[in-house]
Amino acid sequence: MGDYADLPGVRTWYETEGTGDPLVLLHGGFCTNDTWGAQRADLAAAYRLHLPERRGHGHTPDVEGPLRYEDMAEDTVAFLEKVVRAPAHLLGWSDGGIVALLVALARPDLVRRIVVIGANFRPAPECFVEPSMLDALTPHSPGLAFFRELYEAVTPDGADHWPVVAAKVTDLWRTGPTLTTDDLARVRAPALVLVGDDDMMTLEHTAALYRAMPDGALAVVPGASHLVPLEKPALVNRLILDHLEQDAVETMAPVRRA
């Protein structure tokens, strides 16, 4: 079941499920809560899930002006304060992972542990394996057909608004995020960086994200892409739950953590 929360930035649609400590699921760009379908049952068996849909995505309306990661992070902070009302774990996929990192930096008091899947901390031209792919992502291109159908089915703005939102998202990818490794060094929440071995982001960029955070862990899933939560759900869910449930990382032969 879903409902709307009247947040300062945008009237935000969200869903809840399960019982236990709060876990906020932050979907990817162009996506809706439906894309968490392979995770919800396993995670809801252990946690109280909160699934907000960000501005211009799913049931949540678009707002005037460009999409900015900082604005979406502010929306998420407001959601944590008004709806969750407690420090929570954050699970973010792609753009949702970027938002999770920004929230962890801005409001560490609201964040317990984080998992970021296929996330980046620099704009697409600096970290995509194929930056030219952005040129092919026009509103009615075949590559966006799946996401266009998701959007048109539930948006309160009407199907005709799709080209506006599609352009906003691709512009967002071209220009953000603009974090540095020094910024990431201030993330204090234990963080799992999870990625497929054939992700949109280079593995070098993903490794830099992992190395920059003082309490980070890294999982590279073989035979998987940017859609690793859908391709390897059982493994991904187990890795997420293991990270959220452990108190501290202890290995038999630490080097980086020594």
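Helices are DSSP runs of at least four residues, numbered from the N terminus. In this predicted model, helix H2 spans residues 69-84. Helix H2 supplies the largest share of the lining of the largest cavity, with 4 residues.

The empty space was examined next. Rolling a probe the size of a water molecule over the atoms shows where empty space is left. The search gives 3 cavities of 30 Å³ or more. The largest cavity has a volume of about 70 Å³. Its lining includes Leu 7, Val 10 and Thr 12. Pro 52, Glu 53, Arg 54 and Arg 55 also line the largest cavity. The lining is completed by Met 72, Asp 75, Thr 76 and Phe 79. By class, 5 of these residues are nonpolar, 2 are polar and 4 are charged.

The second largest cavity holds about 60 Å³ of space. Among its lining residues are Tyr 69, Trp 173, Met 200 and Met 201. Ser 94, Asp 95, Asn 120, Ala 124, Phe 128 and Gly 176 line this cavity as well. Here the classes divide into 6 nonpolar, 3 polar and 1 charged.

The largest pocket contains about 300 Å³ of space. It is lined by 18 residues, and those closest to its centre are Gly 29, Cys 31, Phe 147, His 226 and Leu 227. The pocket lining has 12 nonpolar residues, 6 polar residues and no charged ones.

Nonpolar packing forms the next part of the picture. In soluble globular proteins, nonpolar side chains tend to be buried together. In this model, the largest nonpolar core has 59 residues. Ile 114, Trp 173 and Leu 209 touch the most other members. Helix H2 gives the largest share of this core, 9 residues. Another core, of 23 residues, lies apart from it. Leu 49, Leu 51, Ile 117 and Leu 244 are among the members of that second set.

Ile 114 has a broad set of partners once neighbours within four places in sequence are left aside. Its contacts include Leu 90, Leu 101 and Ala 104. Ile 114 is also in contact with Val 187, Ala 189, Pro 190, Ala 191 and Leu 192. His 243 is another partner of Ile 114. Trp 173, one of the three core residues that touch the most other members, also lines the second largest cavity.

Charged pairs were then surveyed. The whole structure holds 16 salt bridges. One of them joins Arg 55 to Asp 71, with the closest N and O atoms 4.0 Å apart. This pair links distant parts of the chain, 16 residues apart. Arg 55 sits in the loop between strand E4 (48-52) and H2, while Asp 71 lies in helix H2. Arg 55 counts as buried because its relative accessibility is 8%, under the 20% limit. Asp 71 is also buried because its value of 19% falls under that 20% limit.

Asp 71 has a further partner in Arg 68, where the closest N and O atoms are 2.9 Å apart. Arg 68 is partly exposed, with a relative accessible area of 38%. Shared partners join Arg 55, Arg 68, Glu 70, Asp 71 and Asp 75 into one network of salt bridges. Two members of this network, Arg 55 and Asp 75, also line the largest cavity.

A further salt bridge pairs Glu 126 with Arg 122. Their closest N and O atoms are 3.0 Å apart. Arg 122 is partly exposed, at 22% relative accessible area.

Note on methods. Residues numbered from 1 in each chain as written. Predicted model: local features only at pLDDT ≥ 70, side-chain atom pairs only at ≥ 80, totals over all residues. Heavy atoms only, no water. 1 Å grid on protein atoms, 1.4 Å probe; cavity = no way out; pocket = protein on both sides within 12 Å on 5 of 7 lines; lining within 4 Å. Points joined across faces, edges and corners; volume = space filled by probe spheres on them. Helix = DSSP H or I, 4+ residues; strand = E, 2+ residues; numbered from the N terminus. Nonpolar A, V, L, I, M, F, W, Y, C, P; charged D, E, K, R; others polar. Core = buried A, V, L, I, M, F, W, Y, C linked by side-chain atoms within 4.5 Å. Buried < 20%, exposed > 50% of the residue type's maximum accessible area, 1.4 Å probe, protein only. Contact = heavy atoms within 4.5 Å. Salt bridge = Lys/Arg side-chain N within 4 Å of Asp/Glu carboxyl O.
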